[in-house]
Amino acid sequence: MALSSWVESANGHRDFPLENLPFGVFRLGAGEGRIGAAIGDHVLDLAGCQAAGLISEWSCTRNTLNELMSRGRDAARKLRSRLVELLSDGNGDREAVSKHLVAQRDVEMLLPCAIGDYTDFYASLHHATNVGSMFRPDNPLLPNYKWIPIGYHGRASSIVVSGTPFRRPVGQTRDDATAPPRFGASRRLDYEMEVGAFISRGNAAGDPIHIHDAEENVFGLCLVNDWSARDIQTWEYQPLGPFLAKNFATTISPWIVTLDALEPFRVAVPPRAADDPQPLTYLSFDEDRAIDLTLEVSIQSQRMKDEKIDPLTLSRGNFRDMYWTIAQLIAHHTSNGCNLRPGDLIASGTVSGPARDSRGSLLERAWRGTEPIELPTGESRAFLCDGDEVIMRGWCEREGAVRIGFGECRGTVLAARLD
Ligand code: CA
């Protein structure tokens with residue numbers, strides 16, 4: 001039974017019905033950032049509601065979500081329950097609340113929190129196998145993959161919110177093993193469709209998060225585009241892993257969807273193959289559940305924009321196909337005593353499924369350039385060109401539940417700066 005809101009655009013909204021209420025930070029004009037919740041085509045200004053005495057569950061003294069995150073998931077649960085009351089049909093305070101609604105088209109979304117640290121994992125077996133088979137055909141999957149969630153420490157300083165364009169990176173590459181490397185604009189720029197988890201309370205150094213407590217330490221999820229320069233990556237990644245191939249830009253969607261909102265879409269993790277190892281005890285959780293979250297990637301080239309041609313869908317995958325769950329990633333990340341702090345971002349790694357059209361990077365989709373994608377203009381893409389916009393969307397839907405969505409995560413490639 002769907003909840004009914006007096007905010008009419010919320011009822012039947014594809015992303016932001018009353019069942020979702022994701023949190024984010026917005027601003028009007030050149031104003032300060034303000035904490036808000038998405039409802040239909042609007043944003044509810046939570047700072048305004050609080051000042052008017054409509055919310056007593058939590059006081060927002062800052063213009064980022066870190067403080068709410070630091071109070072743990074219970075605080076966010078209480079706040080969301082209060083927001084459901086305020087926005088439901090039949091609420092007597094409707095007139096007072098409506099003063100704090102702003103149209104989403106009138107606001108600019110900002111980063112939802114100060115992201116202190118960012119870690120990127122590699123949790124899709126399909127992605128790891130695809131990429132491995134391109135670079136090591138005889139040995140696609142390294143022997144550690146099914147034992148240990150592989151990750152690297154990313155760079156928080158270059159995380160940007162959806163809609164922010166970024167420059168094509170310049171760097172050192174070597175295509176010809178007999179010649180010296182060149183220094184110039186990347187020629188193999190790619191995207192990676194990922195899901196990010198924001199940490200809520202976190203842990204003290206030396207005090208690992210038990211896998212049973214891992215999800216209580218997740219404030220919510222967003223979409224992540226881990227832009228990747230494959231030619232820079234190929235030349236630099238051994239022996240210490242990705243560095244300049246990854247840290248020039250990472251785009252996130254602005255709304256954080258809580259795990260509570262995602263609860264109706266929990267599903268069993270995919271069955272492991274008969275010869276797969278059982279996870280070690282610290283990564284085992286008998287109630288481990290995946291999330292049925294559809295993830296779609298589209299592209300619109302500059303020429304498609306000029307000719308008013310709609311974006312072309314490149315892939316549609318599902319987060320439920322991941323080999324490692326978010327709880328396992330967090331348990332593993334903190335297993336050595338590493339501390340996570342409120343607002344830290346943990347990304348899943350590229351989400352790829354078994355089918356060709358569920359591959360979450362262009363590297364895989366165009367199979368290292370050997371199967372280029374035809375655009376409706378007649379252009380073709382093996383990797384991204386300047387002016388290309390990549391649009392990611394995510395949503396959950398199933399029979400008997402109200403569909404919720406993440407909104408968009410989009411970014412446009414600008415020409416490299418070579419002077
Ligand atoms: Ca990645």
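**Figure 1. Helix α5 in the predicted model.** In α5, the buried residues are L125, H127, A128, N130, V131, G132 and M134. The model shown here and in the following views is predicted. The buried residues of α5 pack against α10. At the N-terminal end of α5, S124 acts as the cap, with a side-chain oxygen 3.3 Å from the backbone nitrogen of H126.

**Figure 2. The calcium site.** Four residues supply the protein donors of the calcium ion: D120 (OD), E192 (OE), E194 (OE) and D226 (OD). These donors lie 2.2 to 2.3 Å from the ion. Along the chain, the donors follow the spacing D-x71-E-x1-E-x31-D. D120 belongs to strand β6 (residues 118–121), while E192 is in the loop between β12 (189–190) and β13, so that this pair, 72 residues apart, links distant parts of the chain. D120 is buried, with a relative accessible area of 1%. E192 is buried as well, at 5%.

**Figure 3. The open sheet that contains β6.** Seven strands make up this open sheet, in the order β7-β6-β21-β13-β14-β16-β8, with mixed pairing. The edge positions are taken by β7 (151–153) and β8 (159–161); each has a single partner strand, so one side of each lacks a neighbour in the sheet. From one strand to the next, the twist averages 30°. Strand β6 pairs with β21 (residues 345–347) in the parallel sense, over three bridges. Within this pairing, T119 has I346 of β21 as its bridge partner. Helix α9 lies across β6, β7, β13, β14 and β21 and runs at about 120° to β6.

**Figure 4. The largest nonpolar core.** This core has 58 residues, and those with the most contacts inside it are Y191, L221, L262, F319 and L384. Two or more residues each come from α5 (125–135), β13 (193–199), β14 (218–225), α7 (259–262), β19 (294–300), α9 (326–334), β24 (389–396) and β25 (404–414). The most come from α9, which gives five residues. A second, separate core has 41 residues, among them A10, F23, V25 and I252. In soluble globular proteins, nonpolar side chains tend to be buried together.

**Figure 5. Surroundings of Y191.** Leaving out residues up to four places away in sequence, Y191 touches N225, D226, W227, R230, V297, L314, G360, S361, L362, L384, V390 and M392. One of these, D226, is also a donor of the calcium ion. Another, L384, is listed with Y191 among the residues with the most contacts inside the largest nonpolar core.

**Figure 6. Strand β19 and its partners.** Seven of the seven residues of β19 are buried. T294, E296, S298 and Q300 point one way from the strand, and L295, V297 and I299 point the other way. Strands β19 and β20 pair in the antiparallel sense over six bridges. In that pairing, L295 stands opposite G317 of β20. Strands β19 and β24 also run antiparallel, joined by seven bridges. Here Q300 stands opposite E389 of β24.

**Figure 7. S315 in strand β20.** S315 lies in β20 (residues 312–318). S315 is buried, with a relative accessible area of 4%. Its side chain reaches the backbone oxygen of R359 at 3.4 Å. Apart from neighbours within four places in sequence, S315 is in contact with L295, E296, V297, D357, S358, R359, G360 and R365. Of these contacts, L295, E296 and V297 are buried residues of β19.

**Figure 8. Backbone features in two loops.** The peptide bond from Q238 to P239 is cis, with omega near 10°. P239 is in the loop between α6 (230–236) and β16 (250–252). In the second loop, between α10 (362–365) and β22 (373–374), W367 has its place. W367 has a positive phi of about 45° although it is not a glycine. R368 is found in the loop between α10 and β22 too, and has a positive phi of about 55°, again without being a glycine. W367 is partly exposed, with a relative accessible area of 22%. R368 is likewise partly exposed, at 41%.

Technical notes:
Residues numbered from 1 in each chain as written. Predicted model: local features only at pLDDT ≥ 70, side-chain atom pairs only at ≥ 80, totals over all residues. Heavy atoms only, no water. Core = buried A, V, L, I, M, F, W, Y, C linked by side-chain atoms within 4.5 Å. Buried < 20%, exposed > 50% of the residue type's maximum accessible area, 1.4 Å probe, protein only. Helix = DSSP H or I, 4+ residues; strand = E, 2+ residues; numbered from the N terminus. Contact = heavy atoms within 4.5 Å. Donors = N, O, S within 2.8 Å, 3.2 Å for Na, K, Ca; no water. Polar contact = N/O pair within 3.5 Å; in protein donor to acceptor, adjacent residues only side chain to side chain. Pairing = 2+ DSSP bridges. Axes fitted to C-alpha atoms, helices over the stretch in contact; angles between N-to-C directions.
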